[in-house]
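Reader: I've got the chains loaded and I'd like to talk through how they touch. Can we take it one question at a time?

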Amino acid sequence: MKLDPRCALLLLLSYLIALASIQPGANRLLLTLCALPVVLLFLSPVPRAELLAQAAYVLPFSFAIAAVALLRGNTAQAVFFLLRSYISILAVLITTKLATTLELLRAMERLGAPRFLIVVCEFVIRYIEVLRKEADSMRLAALCRGAAQSKLIAASSLGMLFVRSLERSTGIHNAMLARGFNGSLPRAYPMQWRLADTVALAIGIAGIATLRWAA
Amino acid sequence: MIRVRDLRYRYADSGPVLNGIDFDLKAGESTALLGSNGSGKTTFALHLNGILQGEGEVEVATIRVTTATLEEVRRKVGFVFQSSENQLFLPTVLEDVMFGLLNQGVPAEQARSRAMEMLERLHLASYANRNPFHLSAGEKRRAAIAGVLVMSPEVLILDEPTTFLDPPGIRELAAMLNQLPMAKLIITHDSRFAIDTTTRASFFDKGRILADGPTRDIIQRFDWF
Amino acid sequence: MHIPDGILSAPILASFGAASSLGVIYSARKAEATTLAHRIPLLGVLGAFVFAAQMVNFPVGPGASGHLLGGALLAATIGPWAASITMTAILIIQALMFQDGGVLALAANVFNMAILGVWLAWLPFRALSKINQPRLGLFLGALLSVLLSAVLALAQVSLSSRVMTQGLWVFCLGLFIVTGAIEGFITLAAWEAIERLEGRASGQTRKPMHLAILAASIAIMLIGVFFASGAPDVLEYFQTQAGISSSATPFPALMPDYEWANLNVEWLRKSSAGALGLLAAFAISFLISKFVPRGQQD
Ligand SMILES: Nc1ncnc2c1ncn2[C@@H]1O[C@H](COP(=O)(O)OP(=O)(O)O)[C@@H](O)[C@H]1O
Ligand SMILES: [Mg+2]
């Protein structure tokens with residue numbers, strides 16, 4: 001059974017807030033809270049090894065902080081920042097596997113984020129790969145002319161990419177008008193908050209709060 | 001169905017692009033627009049649903065195209081743009097096909113089922129929740145057409161619909177278009193496709209219609225193979 | 001600089017979260033009211049443009065290349081409100097799809113890059129455009145925007161983790177100035193290319209520009225160093241407050257992730273000469289990148 005994306009998002013935020021509220025160095029408490037995503041990781045249908053590896057992406061950043069803490073002889077803090085950033089990103093990754101980016105964005109809209117912002121996000125998602133492909137073919141074209149390392153080529157690629165983006169947005173707007181667009185995008189996607197979501201949210205928050213404050 | 005008299009247009013930063021176009025399209029008829037790149041075919045077509053408004057008269061189904069009638073006109077005219085990538089602007093195929101219906105005020109659930117039906121008809125049902133980027137050129141074109149057909153237009157305008165399609169894709173598209181009963185205006189550089197899908201053709205040159213007549217005759221006359 | 005989750009403390013997250021929410025909600029209103037309907041796709045496509053632009057490697061000196069961050073270019077082309085919304089959208093998608101920056105950390109990242117960063121780029125651009133120096137304004141704006149939003153990010157990290165040292169601050173500041181200057185060059189180059197493509201006249205003010213840009217960069221660098229040597233008092237204060245003694249020495253290897261600064265400098269990565277070396281390198285690569293490739297461009 002799939003949770004409502006709003007429920008997933010709220011649980012993620014509650015968890016991250018609970019993590020953020022821990023004092024640096026309180027490693028036992030942090031470890032207790034780590035249990036949640038780890039349990040979730042093994043209960044949900046997600047590619048475990050992949051997520052565990054992907055979460056390591058954050059480590060270079062937290063290594064820097066951990067290293068400074070280590071240099072000052074504060075091992076507990078070094079471990080703390082490494083662990084907390086790793087477990088946070090793991091929680092985010094699990095959530096993005098359980099709900100799509102699009103669903104999470106729409107959950108944000110339903111929870112009060114400005115619709116204008118979410119619509120812009122949707123356009124970005126739609127056209128990211130299109131423009132990347134365009135940029136890539138420009139890069140190849142520059143390479144073929146043997147000029148990959150030229151500032152001029154780089155600048156004119158950027159300029160070209162930008163101007164084409166402007167043209168594209170006019171084309172998109174025309175296509176929208178042609179199908180009766182009148183200034184506001186219709187929003188219609190099913191999102192059903194069921195009893196199960198209320199239960200999941202209540203249990204989740206209770207669980208997080210217990211681990212964080214009752215222990 | 002479409003009646004255009006002495007249409008003239010220039011873009012803000014260009015010379016005259018349309019220099020007095022007279023054009024007629026009867027209900028149920030299919031016409032091809034031929035002519036070289038930059039001759040003004042797309043610019044002309046954009047006047048038929050009021051995206052551009054120049055000097056002269058444009059009538060669609062006896063409605064004069066003006067700012068006041070835009071909504072009505074756009075319900076009657078379905079426009080399939082040259083770039084499917086631009087036309088399919090929503091993050092999933094299904095939502096994109098629903099877009100026109102929702103703009104017309106069709107309730108969401110009904111719009112969803114009509115859009116699904118249309119996708120099934122065009123063999124795209126399995127792509128409903130995909131990002132359009134991941135479709136092949138032919139599938140993108142069909143999805144773009146689905147989003148227009150689902151609005152049941154009375155005239156269908158297609159701007160270079162064979163762009164990026166392979167020969168089987170082009171044949172498939174021609175067969176599909178031939179099954180549609182409404183009037184069609186097809187801009188194309190593919191003379192074979194024009195012959196397969198239209199009975200008449202108009203030849204554009206430098207913002208004028210040089211000639212019109214049966215598609216084969218026009219193609220022969222201008223050596224347009 | 002995209003701060004990940006798990007670094008920032010609750011008070012920092014709460015205060016910047018509140019500021020970001022207000023800022024974004026207000027910007028969304030302004031952007032919606034002041035932009036025409038046809039700009040909705042424009043903002044989205046330009047957001048995607050910024051992602052794609054990151055694939056264009058921009059040579060900025062021997063062995064070094066950078067890529068566009070985009071805040072300044074967006075501010076100058078679509079105005080600050082719309083640029084803030086587009087940058088926010090970019091940050092949200094980076095956090096959700098690419099794990100670039102945290103989700104809860106958006107509270108700080110949005111404020112730093114989408115609000116402060118955009119306005120810091122916009123204000124100089126606008127002010128200097130009025131006295132007919134848009135290119136200098138654009139460069140300065142891009143530099144300031146990257147520099148100060150990174151400084152703010154580092155301050156947030158520093159206050160949250162209480163582990164930063166003065167040496168590290170000086171080092172980072174040097175890095176940020178280089179990054180900011182690179183962003184300034186790339187933004188300016190892209191802007192000029194756009195003007196050329198759109199057929200707008202440009203080039204009258206070219207010659208004096210170089211000197212002005214050079215002077216501006218050096219001035220900012222000096223101010224930065226001045227502040228860095230003055231700031232530690234404040235930082236030390238917070239650190240002693242937190243009961244941590246400050247004994248560490250600056251050690252650049254502690255900052256292995258140059259992607260932070262969107263900068264990819266092989267020879268720097270290996271060097272551990274510290275802040276001074278970095279600033280010197282900055283000056284050299286700045287001068288070289290500024291004057292050597294001119295021949296190619298004209
Ligand atoms: N948005 C525009 N702004 C300025 N000029 C344009 C624009 N679109 C098209 N043109 C110019 O108008 C002329 C006709 O273009 P178009 O109608 O696209 O021709 P076709 O579709 O027959 O290839 C061309 O010279 C083109 O450069
Ligand atoms: Mg055309």
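Reader: Keep me honest on the source, and then tell me: how much area do chain A and chain B bury between them?

Author: Sure, and bear in mind that this is a predicted model. Carbon and sulfur atoms account for 60% of what chain A and chain B bury between them. The total comes to about 2500 Å².

Reader: Which three residues supply more than any other three of the area that chain A buries against chain B?

Author: Together the trio gives 34% of chain A's buried area against chain B. The names to click on are A:Arg126, A:Ala178 and A:Arg179.

Reader: How many residues does each chain put into that contact?

Author: Contact here goes by heavy atoms within 4.5 Å. On that rule, the contact takes 27 residues from chain A and 31 residues from chain B.

Reader: What about charge pairing: how many salt bridges are there between chain A and chain B?

Author: One that you can look up is A:Arg106 with B:Glu95, whose closest N and O atoms are 2.6 Å apart. Polar contacts across this interface come to eight residue pairs, both residues being at pLDDT 80 or more. For salt bridges between chain A and chain B, the count is three.

Reader: Which elements of chain A give two or more residues to the side that touches chain B?

Author: By class, that side of chain A has 16 nonpolar, four polar and seven charged residues. The elements giving two or more residues are α6 (101–110), α7 and α8 of chain A.

Reader: Now swing over to chain C. How much area is buried between chain C and chain A?

Author: Here 85 residues of chain C are in contact with 73 residues of chain A. Carbon and sulfur atoms give 79% of the buried area. That area is about 6800 Å².

Reader: And how many salt bridges are counted between chain C and chain A?

Author: The rule does find four residue pairs in polar contact across this interface, both residues at pLDDT 80 or more. The side of chain C that touches chain A divides into 57 nonpolar, 21 polar and seven charged residues. As for salt bridges between chain C and chain A, the count is zero.

Reader: Which pair of side chains in chain A meets in a salt bridge at 3.1 Å, N to O?

Author: Over all chains, the structure holds 26 salt bridges. The one you want links distant parts of the chain, 101 residues apart: one partner is in helix α6 of chain A, the other in the segment before α1 (5–20). The pair is A:Glu103 and A:Lys2.

Reader: I'd also like a look at empty space. What volume does the largest pocket have?

Author: The largest pocket is lined by 31 residues, and among those nearest its centre are A:Glu167 and B:Ser83. By class, the lining has 12 nonpolar, nine polar and 10 charged residues. The volume is about 1200 Å³.

Reader: Which element gives the largest share of the lining of that largest pocket?

Author: Elements from two chains give two or more residues to the lining, including α7 (115–144) of chain A and α6 (137–149) of chain B. The largest share is six residues, and it comes from α8(A).

Definitions and conventions
Residues numbered from 1 in each chain as written. Chains lettered and ligands numbered in written order. Predicted model: local features only at pLDDT ≥ 70, side-chain atom pairs only at ≥ 80, totals over all residues. Heavy atoms only, no water. 1 Å grid on protein atoms, 1.4 Å probe; cavity = no way out; pocket = protein on both sides within 12 Å on 5 of 7 lines; lining within 4 Å. Points joined across faces, edges and corners; volume = space filled by probe spheres on them. Helix = DSSP H or I, 4+ residues; strand = E, 2+ residues; numbered from the N terminus. Nonpolar A, V, L, I, M, F, W, Y, C, P; charged D, E, K, R; others polar. Buried area = accessible area lost by both parts, 1.4 Å probe. Salt bridge = Lys/Arg side-chain N within 4 Å of Asp/Glu carboxyl O. Polar contact = N/O pair within 3.5 Å; in protein donor to acceptor, adjacent residues only side chain to side chain.
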